[in-house]
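Colleague: I am new to this structure and should be grateful for a close look at its internal cavities. Could you please take me through what encloses them?

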Amino acid sequence: MIRNYQETDFPALAALWNTAGVAQGYAPQTPEALAGLLTENPYFSPAYAFVLEEAGAVTGFTCGCAGDELPQGKARGYFTCLLLEEGHETAENAAALLSALEDAFRRAGKTQLAANFFNPMRLPWTVPGTPGHQHNNCPGVAEDLPLHRWALAAGWTVRAVECAMYLDLDRFEMPDWVEEKAQTLAADGYAVDWYQSGRHRGLSEMVRSMGNPMWDAEIPQAAEKINMLVALWGDQVAGFTGPVYPEPTGRGYFAGIAVAKAHEGHGLGTLLFYRLCQAEKEAGSRYMSLFTGSDNHAQKIYLQAGFQVRRRFSVMTKEL
């Protein structure tokens, strides 16, 4: 049967995560770490968490989350994950769990389900072909999983495709032409430097102009506490990347890269990104991973710097 998750299900959930979840590509977790990611997350609610129980044993789990303060949160519920024990990974079991989650969102007045990077429950996964290197969240449904096929069968629609890219920083070397590019930009009045509050102007306004709520919430605050690389036109912020610091996994953190529309076309994004890679390496990061849209022109910059596409994720929605 399908029923709502209960606290007593946690040992079974932890076992399911470290078997079926790891087989899907999620990073293995201790019970304490898993609780922090899922059941102790501020957005976790048993109202949006369900288990599949067969003969008294938990053989499946799914959960989502909701919140009016989230992007489009008044109308949207967010899908987080679906796990099925080996031998129970059937389309019927997946459909039953997904249907329970969709119905819960409907009862809460939601009119859309979404699987994308605005979900505040961030689940790390292991980058294929690496010695356990992890990326810190999923922006949708991995195309290499049966879940992708099951979601399409359930009426979910692919809205975009995100490419997961990876670089071993031991292999990164700064090309000579990057310094030549910096000198050319300097002649045009541009520079890339560390952000200094009180000296550099317009960071918040520049970030806001990008129309990304996650950046609005993170970047201006992070810049006050953590090293942040910015592109400058005089003392005016024309772009940003970072913040720069190694995560406990050894990953060089990367929130994104952006250049204000008025300053596009000069190659500032390229210079920012190469400086970021060098700065992360010097800060002690062992690797970098990031997502970019399959049709995003920035992918060329990442490939040129030595990144490789290691996985593809579909950003998906379903009208409820």
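Modeller: A cavity is here a set of grid points where a 1.4 Å probe fits but cannot get out. The model under discussion is a predicted one. Searching the whole structure for such spaces of 30 Å³ or more yields two cavities.

The largest cavity holds about 240 Å³ of space. Its lining is made up of 23 residues, and those closest to the centre are Y26, T80, C138, P139 and G140. Several strands take part in this lining: β4 (76-84), β8 (141-142) and β16 (308-319) each contribute at least two residues. In chemical character, the lining of the largest cavity comprises 14 nonpolar residues, seven polar ones and two charged ones.

The second largest cavity contains about 30 Å³ of space. Around this second space stand W125, V127, H135, A164, M165, Y166, S289 and R310. Strand β9, which spans residues 157-168, provides the largest share of that lining, namely three residues. Sorted by class, the lining of the second largest cavity consists of five nonpolar residues, two polar residues and one charged residue.

Apart from the cavities, one charged residue may be added to the picture. E102 belongs to helix α3, which covers residues 91-107. Because its relative accessibility is 5%, E102 counts as buried, the limit being under 20%. Leaving aside residues up to four places away in sequence, E102 is in contact with L113, A154, W156, K318 and L320.

Key:
Residues are numbered from 1 along each chain as its sequence is written. This is a predicted model: local features need pLDDT of at least 70, side-chain atom pairs count only at pLDDT 80 or more; totals for chains, interfaces and linings use all residues. Side-chain values use heavy atoms; hydrogens and water are left out. On a 1 Å grid over the protein atoms alone, a cavity is a set of points where a 1.4 Å probe fits but cannot get out, and a pocket is an open set with protein on both sides within 12 Å along at least five of seven lines; lining residues have an atom within 4 Å of a point. Grid points are joined across faces, edges and corners, and a volume is the space filled by probe spheres set on the points. Helices (H or I, at least four residues) and strands (E, at least two) are DSSP runs, numbered from the N terminus. Ala, Val, Leu, Ile, Met, Phe, Trp, Tyr, Cys and Pro count as nonpolar, Asp, Glu, Lys and Arg as charged, and the others, Gly among them, as polar. Buried means under 20% relative accessible area, exposed over 50%, partly exposed in between (1.4 Å probe, protein chains only). Contact means heavy atoms within 4.5 Å.
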